[in-house]
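Biologist: I am new to this model and would like to know how its labels are earned. Please set each value against its cut-off.

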Amino acid sequence: MPEMVPEVVEQKFVFPIHYRDELLAWATYALEPDPGHSGGVVHSLYYDTPDLELYSQKRNSEFLKYKVRLRWYDDAGALPPDARVPCFLEVKRKIGAARRKRRTTADLPAAVLAGSPFDSPEVSALAGVALEIGFAAQGPLVPMALIRYHRMRFVDPATGARIALDGEIGCQAVNRAFLPAEAPIVLDTGVLEIKGTARHLPPSLEPVAFLLTKSSFSKYAQCLEHLLHPAGVRI
């Protein structure tokens, strides 16, 4: 059964990646490590239509936007090829400022995730599952880009907000049948993400606020922007 993820206020702040060590040092001092998962590498395989409709929704700041991704946390390349890797298929829908996310689980072979997931029938078949858990069809979905980044997770002791510090954000591979682009690439931007009940920066992070810029940053859209428009205007 798909899981409805409770709605929270999600805020994103970007920063030049050379400030990451300063922000990490402050977060380590002022916040508490997440008791469940304090840090690690995140892999997200993003789906899109062949004409990149979901990317265009973000780039054009459309009122209704979707995001469909398959996410896993294990290093599939370090596992036996036939090992099953727990993954989450997520459908995020944004209508104006309102956000909804539904997700379900899927176990996929390590060899598929560590190899070329774009050619995998199991990975492609999950596009149909996305329809079942909330994606409104605007065209066939295909696996389009594999995004990888390193995330450190914290909890703000005063507010209970969950805070993630992301760096080394990059696109590892793309579906060359639809994206005539060269990967891998790594962005020169980091992201601080806050999930809680407030719509402002927690007081614990105010001393480093001058390093941060509030943004509706999308890792998928930003990576595609660099791949498709390497000398153009970024979103």
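Biologist: Why is tyrosine 73 called partly exposed?

Modeller: The relative accessibility of tyrosine 73 is 37%. Buried means under 20% relative accessible area and exposed means over 50%, with partly exposed in between (1.4 Å probe, protein chains only). Tyrosine 73 falls between the two limits, so partly exposed is the label. Phenylalanine 88, with 25%, is partly exposed as well.

Biologist: What should I know about the model before going on?

Modeller: It is a predicted model, in which local features need pLDDT of at least 70 and side-chain atom pairs count only at pLDDT 80 or more, while totals for chains, interfaces and linings use all residues. Residues are numbered from 1 along each chain as its sequence is written, and side-chain values use heavy atoms, with hydrogens and water left out.

Biologist: How many aromatic pairs are there, and what makes tyrosine 66 and phenylalanine 135 one of them?

Modeller: There are four aromatic pairs. The ring centres of tyrosine 66 and phenylalanine 135 are 5.1 Å apart, and their planes meet at 75°. Rings of Phe, Tyr and Trp (its six-membered ring) pair if their centres lie within 6.5 Å; planes under 30 degrees apart are stacked, over 60 edge-to-face, and the rest tilted. The pair is therefore edge-to-face. It links distant parts of the chain, 69 residues apart: tyrosine 66 is in strand 5 (residues 64-72), and phenylalanine 135 is in the loop between helix 4 (121-132) and strand 8 (142-155). Helices (H or I, at least four residues) and strands (E, at least two) are DSSP runs, numbered from the N terminus. Both tyrosine 66 and phenylalanine 135 are buried.

Biologist: Why do tyrosine 73 and phenylalanine 88 count as an edge-to-face pair?

Modeller: Their centres are 6.5 Å apart and the angle between the planes is 65°. The distance is within the limit and the angle is over the edge-to-face cut-off, so both conditions are met. Tyrosine 73 is in the loop between strand 5 and strand 6 (84-95), and phenylalanine 88 is in strand 6, 15 residues apart.

Biologist: What makes you say that a charge sits over the ring of phenylalanine 88?

Modeller: The charged end of arginine 103 is 5.0 Å from the centre of that ring. The rule asks for NZ of Lys or CZ of Arg within 6 Å of the ring centre and within 35 degrees of the ring normal. Lysine 219 likewise has its charged end over the ring of tyrosine 149, 4.4 Å from the centre.

Biologist: What makes a space a pocket, and what volume does the largest pocket have?

Modeller: On a 1 Å grid over the protein atoms alone, a cavity is a set of points where a 1.4 Å probe fits but cannot get out, while a pocket is an open set with protein on both sides within 12 Å along at least five of seven lines; lining residues have an atom within 4 Å of a point. The largest pocket has a volume of about 1,000 Å³. Its lining has 48 residues, with Lys101, Arg151, Arg162, Glu193 and Lys195 nearest the centre. Strand 4 (residues 39-48) gives the largest share of that lining, five residues.

Biologist: How do you know that helix 1 has a buried face?

Modeller: The buried residues of helix 1 (residues 20-30) are Arg20, Leu23, Ala27 and Ala30. Seen down the helix axis, they fall within an arc of 110°, so they line one face. The arc is that of the directions from the helix axis to the C-beta atoms. Asp21, Thr28 and Tyr29 are exposed on the other side of helix 1.

Biologist: Which of leucine 52 and serine 61 is buried, and which is exposed?

Modeller: Leucine 52 has a relative accessible area of 10%, so it is buried. Serine 61, at 59%, counts as exposed. Phi is near 60° in leucine 52 and near 55° in serine 61, a positive value in a residue other than glycine in each case. Leucine 52 lies in the loop between strand 4 and helix 2 (53-59), and serine 61 in the loop between helix 2 and strand 5.

Biologist: What is the omega of the cis peptide bond between alanine 183 and proline 184?

Modeller: Omega is about 15° in that bond. Proline 184 lies in the loop between strand 9 and strand 10.

Methods:
Points joined across faces, edges and corners; volume = space filled by probe spheres on them.
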